[in-house]
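Student: I'd like to go through some labels with you and see what stands behind them. Can we take them one by one?

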Amino acid sequence: MQDACRRLGIGLRVHFKSLKCGSLAQYLQHRGVRDFLCAKLNEAEVLADAGINDILIANEIVTPLKIRRLVALARRTPVTVCVDDLGNVSALSAAADEAGVRLGVLIEVDIGMRRCGVAPGMPAVDLAREITRRPSLRFRGLQGYDGHLQLVNDPDERESRCRQSLQALDETRRRLEEAGIAVEMVTGGGTGTWEWVASHEAITEIQPGSFLLMDAVYHRVRPEFACSLSILATVISRGSGQYILDAGSKAISQDFGLPTIKSRPLEKLTKLAEEHAFVECAEPPAIGEQREVFPAHCCATMNLHRVVAAVRKRQVESFWPIEASGRYD
Ligand SMILES: Cc1ncc(COP(=O)(O)O)c(C=O)c1O
């Protein structure tokens with residue numbers, strides 16, 4: 001991913017909501033990843049604690065309590081946050097004024113996902129004008145995330161819809177520039193659409209996260225990235241044509257579907273109960289044998305655990321705390 005971004009001359013900002021682990025961010029930083037984004041304030045605070053600077057919160061922060069935490073964080077490190085509402089812009093500006101800090105601001109543009117974001121075009125220009133009038137806010141540019149496209153199965157359809165959604169972002173950027181408003185940064189894309197977003201001229205950086213840990217579902221869509229996250233589970237019971245592992249839905253997220261068993265294509269995980277996984281196979285392994293399970297959703301699986309083992313060539317090198325897991329604050 002890094003090589004491709006370098007070749008294309010654009011930035012790579014890694015999404016910390018997939019990792020949630022400060023040591024993993026530091027590991028990546030030592031390998032040349034400078035920029036991170038996150039979805040939540042607690043993740044931004046963990047990133048700052050890990051020594052990561054210039055953090056993008058790719059989300060709207062609106063409650064007074066959280067805005068206070070946001071400006072407190074901005075005292076420690078440059079922070080940029082997304083906005084899509086004038087009332088929120090005023091609240092951020094007032095809090096930043098009072099705290100004597102300057103907040104970076106990106107306008108989130110809805111490019112088809114229908115989550116957060118203003119409509120493309122003039123609504124973004126109007127909001128940007130308001131932001132530039134507020135000295136404690138620094139307008140930096142646009143975020144347009146195509147989350148609705150990440151897991152579209154057919155790559156041709158995924159590509160054409162991705163390019164279409166990027167047009168809306170590009171058009172918005174052009175309108176801002178025509179209005180005399182400088183756009184320093186246009187960010188978007190995820191693991192499922194990374195290369196089309198990365199090669200679009202409107203974009204200055206991409207913001208994928210899952211490509212690092214990967215999971216069984218994403219791997220079907222993006223086989224160029226291997227799965228590095230697995231749950232080590234033990235066979236605790238066996239029967240005719242089936243065995244049971246000691247890891248269930250409390251250990252492995254199932255919000256995107258069923259996990260798979262690493263390197264065992266003939267062993268089919270059919271069900272996750274709270275504490276058990278049910279696996280069908282012709283010759284069940286012995287009790288006590290272990291299996292690595294690839295989750296169907298890496299981000300939600302990291303959220304279930306407090307510690308991750310960093311393993312290289314089957315040797316555990318470190319145990320890293322997952323500081324931002326189990327939190328949504
Ligand atoms: C705003 C935003 N950007 C980027 C991503 C990264 O997506 P992925 O994990 O598919 O790489 C997400 C994922 O939810 C997101 O919400």
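Tutor: Sure. Let's begin with Pro135, which counts as exposed at 64% relative accessibility. Keep in mind that this is a predicted model.

Student: Why is Pro135 called exposed?

Tutor: Exposed means over 50% relative accessible area. Pro135 has 64%, so it counts as exposed. As for its place, Pro135 is in the loop between helix 6 (122-132) and strand 6 (137-144). Its C-alpha is 9.5 Å from that of Leu103, with the two positions 32 residues apart in sequence terms.

Student: What makes Gln167 count as buried or exposed?

Tutor: Set its value against the cut-off again: exposed is over 50%, and Gln167 comes to 53%, so exposed is the label. This residue belongs to helix 7, which covers residues 155-178. From the C-alpha of Gln167 to that of Arg13 the distance is 21 Å, and the two are 154 residues apart along the chain.

Student: And Gly288, why is that one called partly exposed?

Tutor: Buried is under 20% and exposed is over 50%, with partly exposed in between. Gly288 has a relative accessible area of 46%, so it lands in that middle class. You'll find Gly288 in the loop between strand 13 (277-280) and strand 14 (290-294). Measure it up against Thr193 and you get 41 Å, C-alpha to C-alpha, for residues 95 apart in sequence.

Student: How do you know whether Val308 is buried or exposed?

Tutor: The cut-off for buried is under 20%. Val308 has 15% relative accessibility, so it counts as buried. Val308 sits in strand 15, residues 307-312. Ser230 is 78 residues away from Val308 in sequence, yet their C-alpha atoms are 9.8 Å apart.

Student: What makes Arg291 buried?

Tutor: The reasoning is as before: buried means under 20%, and Arg291 has a relative accessible area of 4%, so it is buried. Arg291 lies in strand 14. Its side chain makes a polar contact with the side chain of Glu267, at 2.8 Å.

Student: Why does that pair, Arg291 and Glu267, count as a polar contact?

Tutor: A polar contact needs a pair of N or O atoms within 3.5 Å, one able to donate a hydrogen and the other to accept it. The side chains of Arg291 and Glu267 come to 2.8 Å, and the pair is listed as a polar contact.

Student: What about phi: what is it for Ser263?

Tutor: Ser263 has a positive phi of about 60°, although it is not a glycine. Most residues other than glycine have a negative phi, so a positive value is worth a remark. Ser263 is in the loop between strand 11 (260-261) and strand 12 (268-272). At 62% relative accessibility Ser263 is over the 50% cut-off, so it counts as exposed.

Student: Which sign does phi have at Arg314, positive or negative?

Tutor: Positive, at about 65°, and Arg314 is not a glycine either. Arg314 is found in the loop between strand 15 and strand 16 (315-321). Why exposed? Its relative accessible area is 75%, and exposed means over 50%.

Student: On to the ligand. Which residues are closest to the ligand?

Tutor: Of the 14 residues that surround the ligand, the closest are Thr191, Gln207, Gly209, Ser210 and Tyr218. The shell divides into 3 nonpolar, 9 polar and 2 charged residues.

Student: How do you know that the ligand has polar partners such as Ser210?

Tutor: The limit for a polar contact is 3.5 Å. An oxygen atom of the ligand is 2.5 Å from an N or O atom in the side chain of Ser210. For the side chain of Thr191 the value is 2.6 Å, and for a polar backbone atom of Gly209 it is 2.8 Å. Taken alone the ligand exposes 390 Å², of which the protein buries 91%.

Student: And where does the ligand sit?

Tutor: In the second largest pocket.

Methods:
Residues numbered from 1 in each chain as written. Predicted model: local features only at pLDDT ≥ 70, side-chain atom pairs only at ≥ 80, totals over all residues. Heavy atoms only, no water. Near = heavy atom within 4 Å. Areas by Shrake-Rupley, 256 points an atom, 1.4 Å probe, with all protein chains shown as cover. 1 Å grid on protein atoms, 1.4 Å probe; cavity = no way out; pocket = protein on both sides within 12 Å on 5 of 7 lines; lining within 4 Å. Sits in = over half its atoms within 2 Å of the grid points. Nonpolar A, V, L, I, M, F, W, Y, C, P; charged D, E, K, R; others polar. Helix = DSSP H or I, 4+ residues; strand = E, 2+ residues; numbered from the N terminus. Buried < 20%, exposed > 50% of the residue type's maximum accessible area, 1.4 Å probe, protein only.
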